[in-house]
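Welcome to a short set of exercises on reading a protein model. Keep the sequence and the 3D view open, try each task yourself, and then follow the solution.

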Amino acid sequence: MESNNKISSVLFKIIRKLVRLFYGRMEVIGTENLPSDNTIFVGNHTQMNGPIAGELFMPENCFTWCAGQMMHAKEVPEYAFDDFWSQKPMWTHTFYRCLAHVITPLSVCIFNNARTIPVYRDMRIMTTFKKSIQMLKEGNNILIFPEKDEKYNNILYRFQENFIDLAMYYYKKTGICLTFVPVYIAPKLRKIYIGKGISYDNENRMEAERSRICEYLSAEITDLARSLPLHTVVPYRNIPKKYYLTNKDITEVPNEKTRG
């Protein structure tokens, strides 16, 4: 087992260097907006660009929330197909289902050796919160990509809001209110933009706090993107490139509370 772990670690280091070589560099802009205390970075997933940017260009003490299924060989194929390729044309699905099995060993190697914290959509989510709190208490920061499969505008998909609960648990353990900092990743510009953060308010109701923080972060990331020179936005979903929008294509999706 120890020998396998060493081989996996060495292989990951080789893969990391190759990815950095061929992916190229990204510049981080807006570091003056960073708070002095521990931070939760919240960014646009932009397919695999988000996790790559987090691993290669964010500070060494930054750990990324990632799907726990990508760390377990039995769970990778189904999750990878559903999350990455299910929206591809139907006639390609057989190919992508096979590809999901092919990438399984690579996925297990990468996600178990990178600076990651596994996230689950079942009762195991408490292990995610516990691990995250421990990492924060040790002086680390966390990067989260909370988009879900529901369009918000030309920049973002809507956020899953329950990641805000991490601030509640952290406050109960430490008495410290975490700051959530918006991040816009622009692969086409080769840049990562950091905006001004928003602090958790322990006196607010949790439901309201989830909504308040997510609305702020979504708006800030959108404003960051739209303030930049014209560029193609790489969306959360792996859709055909002909459907990609630019940062200047002003499209809005009505808020769920105002629909109908």
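**Exercise 1. Find which residues of helix H6 meet which residues of helix H7, then describe how the two helices cross.**

Step 1: Met126, Phe129, Ser132, Ile133, Leu136 and Lys137 of H6 touch Asp165, Leu166, Tyr169, Tyr170, Lys173 and Thr174 of H7; contact means heavy atoms within 4.5 Å. Helices (H or I, at least four residues) and strands (E, at least two) are DSSP runs, numbered from the N terminus.

Step 2: Sort the contact by class, and you get seven nonpolar, two polar and three charged residues. Here Ala, Val, Leu, Ile, Met, Phe, Trp, Tyr, Cys and Pro count as nonpolar, Asp, Glu, Lys and Arg as charged, and the others, Gly among them, as polar.

Step 3: The axes of H6 (residues 125–137) and H7 (residues 165–174) come within 10 Å and cross at roughly 55°. Axes are lines fitted to C-alpha atoms, for helices over the stretch in contact, with angles from 0 to 180 degrees between N-to-C directions. H6 and H7 are therefore oblique to each other, since angles under 35 degrees count as roughly parallel, over 145 as roughly antiparallel, 65 to 115 as roughly perpendicular and the rest as oblique.

Before going on, a word on the source: this is a predicted model, in which local features need pLDDT of at least 70 and side-chain atom pairs count only at pLDDT 80 or more, while totals for chains, interfaces and linings use all residues. Residues are numbered from 1 along each chain as its sequence is written, and side-chain values use heavy atoms, with hydrogens and water left out.

**Exercise 2. Work out how H3 and H4 are oriented to each other.**

Step 1: H3 (residues 76–85) and H4 (residues 93–102) pack at an angle of about 135°, and their axes are 8 Å apart.

Step 2: H3 and H4 are therefore oblique to each other.

Step 3: On the H3 side, the contact includes Val76, Phe81 and Trp85, and on the H4 side, Tyr96 and Leu99 are among the residues taking part. By class, this contact has eight nonpolar, two polar and one charged residues.

**Exercise 3. Trace the salt bridges of Glu150 and Asp149, and say which partners are buried or exposed.**

Step 1: The structure holds nine salt bridges, each a side-chain nitrogen of Lys or Arg within 4 Å of a carboxyl oxygen of Asp or Glu.

Step 2: Glu150 pairs with Lys148 (3.9 Å, N to O) and also with Arg158 (3.2 Å, N to O). Both Arg158 and Glu150 are buried, whereas Lys148 is partly exposed at 29% relative accessible area. Buried means under 20% relative accessible area, exposed over 50%, and partly exposed in between (1.4 Å probe, protein chains only).

Step 3: Asp149 forms a salt bridge with Arg237 (3.8 Å, N to O). Asp149 lies in strand S6 (residues 147–151) and Arg237 in the segment after helix H8 (206–226), so this pair ties together parts 88 residues apart in sequence. Asp149 is partly exposed at 48%, while Arg237 is buried at 5%.

**Exercise 4. What is the sign of phi in Thr46, and where does Thr46 lie?**

Step 1: Most residues other than glycine have a negative phi.

Step 2: Phi of Thr46 is near 40°, a positive value. Gln47 also has a positive phi, near 55°.

Step 3: Thr46 lies in the loop between strand S2 (39–43) and H2, and Gln47 lies in the loop between S2 and H2 too. Thr46 is buried, with a relative accessible area of 1%, and Gln47 counts as buried at 18%.
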